[in-house]
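These are my notebook entries on the open and enclosed spaces, one helix pair and the salt bridges. I began by asking where empty space is left and what surrounds it.

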Amino acid sequence: MSPASDRDLQSIREARRLARQAKAAQARLAELSQDEIDAIVDAAAGAAAAEAEPLAALAAEETGYGVVADKVRKNLFAARDVHRFIRPMKTVGVIRRHEDRRVLEIAEPFGVVAALVPSTNPTSTAIYKILIALKARCAIVISPHPAAVRCITRAADLMARAARRAGAPEHAIGWMTAVALEGTQELMRHRDIAVILATGGMGLVRAAYSAGKPAYGVGPGNAPAYIERSADIAKAVRDIVAGKTFDNGVLCSSENSVVVDEPIAGDVRREFEARGGHFLSPAESDAVARVLVTPQALPNPALVGRPAREIAERAGVEVPADTRVLIAPLEGVGRDHPLSIEKLCPVLSFYVVSDWQAGCERCKEILGYGGMGHTMSIHSRNDAVILEFGLRKPAFRIVVNTPTTHGSIGLTTGLDPAMTLGCGGYGGNITSDNISPLHLLNVKRLAHEIRPATSAPAASPPADARLPEPPPAAAAPRLDGDTLADRVHAFLASRGVGGRAQEPAPPARPTGPAQPTPPPATPAPEPAPAAPDEEPAPPAAAFVCEDDVRQALRHSRSIVIDDRTIVTPAARDLADRHRVFVHADLSR
């Protein structure tokens, strides 16, 4: 038997053992109180925070990716910011009461979590996943990326020891050390695993979804950053450089492309150059693409998380000593433009567009080439354009005037702090949320009757029963042709129409029951004009977007606006074409 086969079998056996042990720990963990769970989570988070720097140094040394100082910040984000966010959550017993509906919601842990942890953000992701699992009373088994086993093992071990000292059952936190694909697949498929948290490449995420278990997967990012003409250019460029160079761009939500309005493109380019951006010539872009992008249109693992100058050197491109980001001007998106992919290093593609509508379409193309549902940013001071981007973009995190890297995980925005970001239906994920302990809970609902059940319907008649016959209808009176003609002429005469209008109508011939002659119709009176103060004019709208105009067209109504109304550009274009707007006079 070959050594490789021995390793695969060892990995499978370890996965089975860890899953069984976690299942036993899960039964005990589920019985703990909220105070006991919070004490365990507090201890685990404190242990991770205390070792944030050594863990970061070990991760950088083992994987060769990123920047130690930025990894320290990510570790502290997971151990402190995530912990601070989840600490007040109720995850045990009755978590909500809806007194008006007489419904109680009761938390139930999902079960044992299989957590796949990547090499790009190894220790911070391990810290985060352990904390949210423990908070939900779920035991967890970690499958580390083969390139990051030592640092992930170190993080899991120190948190497990702290959790046990605080009252966690043995094996509530487990991790694989004999890592192989076969073992990871066995772990995900094992009957004692209840849910999968998958962070990694698309192949791994697809494997998680095909394991036959509920799974939270994460798709690729390829986040565009759009700079609209009203933006604070200096801040926008500073944010993009900060986001792209943070840990050398290994977060999947880091910026990968810049899209800029043509009137400010020159100023943006000069600002990038002042902040360490080096714009590549077409020949240099081709050279970088050859070393950075594989034939499968994926980033070269050897250059993931490496500095810009090292990538340029590998490509044979000479750059200034202070270069922080390589920037490749491109004309399109897709396989014919290799640097339009998600790059996971300090390399940006750069696009110039005529206006926000063109920028909108370009950002859609970029997201469609490996970033659907994930993240993008817009840098603008035009609230109407910002809203249009929110309405139109196939991304579930659209951060405004902040780096995509920091904003998407909730470091610089009000989003839920998280290291696993769902991409929703656009990205083939089950959720578009930032994943929290609430995603690892099932909720039971205890519902009392608030209205009586309706009484049972009356019994159906026997199959052979006959319905009562309806009463015979009265025979309709019949008119002969002459009588009908006389009545028509009489009616026309009353209106002053027809050749016989001046002659009296001859008496109708009796042909049956007497029929009353219809009285002459009188014209409907003209409606009286409404008094000026009878019904006030509708107030002017404060804000109008494109959807408001479409609703007005659908219901054949107008929209009243005045000089203070905020109207999005798309809404104005559509309304002007169909004359939807009515302008109110502010002088009244």
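Before sorting any lining by class, I fixed the terms: Ala, Val, Leu, Ile, Met, Phe, Trp, Tyr, Cys and Pro count as nonpolar, Asp, Glu, Lys and Arg as charged, and the others, Gly among them, as polar. I also note at the outset that this is a predicted model.

**Entry: the largest pocket**

I looked up the largest pocket and found that about 1200 Å³ of space lies in it. I then went through its 45 lining residues, of which Thr120, Gly200, Gly201, Met202 and Leu344 are the closest to the centre of the pocket. Sorting the lining of this pocket by class, I have 28 nonpolar, 15 polar and two charged residues. When I asked which elements give two or more residues to this lining, I arrived at strands E3 (113-117) and E4 (140-144) together with helices H7 (181-189) and H8 (202-209). The most comes from H8, which gives four residues.

**Entry: the enclosed space**

I next searched for cavities of 30 Å³ or more and recorded one; the volume of the largest cavity is about 30 Å³. Around this cavity I listed Ala160, Ala163, Arg164, Ala168, Pro169, His171, Ala172 and Ile173 as the lining. Helix H6 (residues 149-165) gives the most to that lining, with three residues. By class, I entered six nonpolar residues, one polar and one charged for the lining of the largest cavity.

**Entry: H11 against H12**

How do I describe two packed helices? I use the angle between their axes and the distance between the axes. For helix H11 (residues 282-292) and helix H12 (residues 308-315), I noted an angle of about 95° and axes 8 Å apart. Angles of 65 to 115 degrees count as roughly perpendicular, and H11 and H12 are therefore roughly perpendicular to each other. Looking at the contact itself, I found Ala287, Val288 and Val291 on the H11 side, meeting Ile311, Arg314 and Ala315 of H12. By class, this contact of H11 with H12 has five nonpolar residues, no polar ones and one charged.

**Entry: salt bridges**

My count of salt bridges comes to 25. I followed up the one between Arg445 and Glu105, in which the closest N and O atoms are 3.6 Å apart. Since Arg445 belongs to strand E15 (residues 441-447) and Glu105 to strand E2 (residues 103-109), the pair ties together parts that are 340 residues apart in sequence.

Definitions and conventions. Residues are numbered from 1 along each chain as its sequence is written. This is a predicted model: local features need pLDDT of at least 70, side-chain atom pairs count only at pLDDT 80 or more; totals for chains, interfaces and linings use all residues. Side-chain values use heavy atoms; hydrogens and water are left out. On a 1 Å grid over the protein atoms alone, a cavity is a set of points where a 1.4 Å probe fits but cannot get out, and a pocket is an open set with protein on both sides within 12 Å along at least five of seven lines; lining residues have an atom within 4 Å of a point. Grid points are joined across faces, edges and corners, and a volume is the space filled by probe spheres set on the points. Axes are lines fitted to C-alpha atoms, for helices over the stretch in contact, and angles run from 0 to 180 degrees between N-to-C directions. Angles under 35 degrees count as roughly parallel, over 145 as roughly antiparallel, 65 to 115 as roughly perpendicular and the rest as oblique. Contact means heavy atoms within 4.5 Å. A salt bridge is a side-chain nitrogen of Lys or Arg within 4 Å of a carboxyl oxygen of Asp or Glu.
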